[in-house]
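Please work through the exercises below with the sequence and the model side by side, and try each task before reading its solution.

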Amino acid sequence: MFLAFIAATLGITYWAAGRSTGASAFFAAGRRITGWQNGLAISGDYMSAASFLGIAGLIAFYGYDGFMYSVGFLVAYLTVLLIVAEPLRNTGKFTMADVLAFRLRERPVRAWAALSTLTVSTFYMIAQMVGAGALVSLLLADSGIGYTTAVTGVGILMIVYVVFGGMLATTWVQIVKAVLLMGGTILLSILVLAHFGFDLGALFDATGQVTVQEGGSEVTRDFMTPGMYYRPPHGALDLISLSMALIFGTAGLPHILIRFYTVPDGRSARISVFWAMLLIGSFYIMTTFLGFGAAAIVGPTTISANGGTNMSAPLLAQALAGDVFFAFISAVAFATILAVVAGLTISASASFAHDFYSNVLHHGREKEPGEEVRVARWTAFVVGAVSILIAIGLGPDANVAFLVGLAFAVAASANLPVIVLSLYWKRFTTRGAVWGLAAGLLSSVGLILVSPSFMGIDGPEVAESARRMIQAQALYPLRNPGIVSIPLGFLAAYLGSILSREPAAEEKYVELTVRANTGLGAEKAI
């Protein structure tokens, strides 16, 4: 099943390679993706390993508290629909920095936007690579393929998709993956409900009596009771911080924003978000059955002994329908990872090539035709290699949903403030954009580095006494930096703007507003 999916996606890449000539084709699929197709692709891009493997694992180990991740991921798309989708499509070209550069000075805002995009994409990509390595190494352990080999293999495939197929190949890989993932999740949810006689009460009763290992002995826990993950004294603040990162971070994720440039117009961008919300909403409702079903049917102890939290959904499939369904769900999870890392790689390479190389270093002028695309392809190699090395260094035990939560925090702190203020505040200036990007990026990454999460205490196997001790020693006591770094990003952008004046930016604001709302002058499909 793994090989069948790889063969199919390589076939798509071969087909797309002949159609990915020129910057618009490589970065935006020629803007010929329809609204419903893009909605499927966004779903495929968004429903990542964090969603399928990580959230199911968090619910299976922490019950109600793990389910809070699902709520945050789902609600987040309202921000995208209401604030950024259509204006972004109408005013940009290939990256989010195009929106900022429309009325601000290009070189400083593009340089910082490119740095932010690379940082967010790297955080997000590491999470997917960790999930891929854990999954493949566990399934193929008998053949001698370990975690390092698995991560390297996934990274190479990802680079092939992007370098040869560009956005067109990435889009169709994501569409295929979305269909497979929804089909597999629906079937697995039905099997969970069938196990309990299609009685939701029986399922939730079973999750109220789950046996877990604590301190070397077995105890029974009620997984429907809050407080297993977000514990005192910082539990409430942790949850608020995570929720802020998830709800605001989606509208600043580079690999999601770049998808809106693949459709022909702003109306198609809105249709994309509608289809994405429909599919994503259905999916996150079903993660409830996957997580609680894994806790009640398989049990946290068994999951810990067979790959850790990220293997909850595949092990549930094995318990309910045997090895064939286990292989299918695992192949779907693998497809999920490949599709997302391809989207992340193309967003990172587009930002570096288009924003930094072409517009910062060469003032928007290519030395020769096709140079921007060539630089993007080389960037994909570098980004892929860096992600492979970091994922290998982290190892297979880090929960992927937790790692993605950090990427959302960086996106919400650095990218969202400058996008929103650029689109909706006439007084916004270049200094405000640079201050906002710098403060959001540095504060979020800095707080992550001094938080207890970075010290490796996210896993369920850590004793409560050790968890409390390390949390007390950390300079920043919360797992997610969003509650501090997001307001800092907005505040820095505001202060930078009121402490400077930029008449040219104010004059361009009227043109930006008209274009954002009408699409006049926007890039057209080719």
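**Exercise 1.** In this predicted model, find which residues make the nonpolar surface patch of about 690 Å², and determine which helix gives the most to the nonpolar patch.

*Solution.* Begin with the members of the patch, which are Trp435, Val484, Leu488, Leu491, Tyr494, Leu495, Ile498 and Leu499. Next, turn to helix 19, which spans residues 482-498 and gives the most to this patch, with six residues. Finally, take Leu491 as an example from the patch: its place is in helix 19, and because its relative accessible area is 43%, a value between the limits of 20% and 50%, Leu491 counts as partly exposed.

**Exercise 2.** Decide whether Val383 is buried or exposed, and describe what surrounds Val383.

*Solution.* First locate Val383, which has its place in helix 15, residues 371-394. Its relative accessible area is 10%, and because buried means under 20%, Val383 is buried. Then look for contacts, leaving aside the neighbours within four places in sequence: Val383 is in contact with Leu118, Met125 and Ala348. As a last step, compare positions along the chain with positions in space, where the C-alpha atoms of Val383 and Ile159 are separated by 8.9 Å although these residues lie 224 residues apart along the chain.

**Exercise 3.** Work out how many aromatic pairs there are, and classify the pair formed by Tyr62 and Tyr229.

*Solution.* A pair of aromatic rings is described by the distance of the centres and the angle of the planes. The count comes to 13 aromatic pairs. For Tyr62 and Tyr229, the centres are 4.5 Å apart and the planes make an angle of 50°, and the pair is tilted. This pair links distant parts of the chain, since Tyr62 is in helix 4 (residues 49-62) while Tyr229 is in the loop between strand 2 (217-221) and helix 10 (235-249), 167 residues apart. Both rings belong to buried residues, with a relative accessible area of 3% for Tyr62 and 2% for Tyr229.

Now move to the rings of Tyr229 and Tyr230, whose centres are 5.0 Å apart and whose planes stand at 85°, so this pair is edge-to-face. Tyr230 is also buried, with a relative accessible area of 10%. Elsewhere, ring pairs link Tyr46, Tyr124 and Phe408 into a cluster.

**Exercise 4.** Find which charged residue lies over the face of Tyr229, and which one sits over the ring of Phe102.

*Solution.* Over the face of Tyr229 lies Arg479, at 4.2 Å from the ring centre. Over the ring of Phe102 sits the charged end of Lys508, 4.7 Å from the centre of that ring.

How values were computed
Residues numbered from 1 in each chain as written. Predicted model: local features only at pLDDT ≥ 70, side-chain atom pairs only at ≥ 80, totals over all residues. Heavy atoms only, no water. Helix = DSSP H or I, 4+ residues; strand = E, 2+ residues; numbered from the N terminus. Buried < 20%, exposed > 50% of the residue type's maximum accessible area, 1.4 Å probe, protein only. Contact = heavy atoms within 4.5 Å. Phe/Tyr/Trp six-rings, centres within 6.5 Å; stacked < 30°, edge-to-face > 60°. Lys NZ or Arg CZ within 6 Å of the ring centre and 35° of its normal. Patch = residues over 30% accessible without salt bridge, like charges linked within 9 Å, V, L, I, M, F, W, Y side chains within 5 Å. Areas by Shrake-Rupley, 256 points an atom, 1.4 Å probe, with all protein chains shown as cover. Salt bridge = Lys/Arg side-chain N within 4 Å of Asp/Glu carboxyl O.
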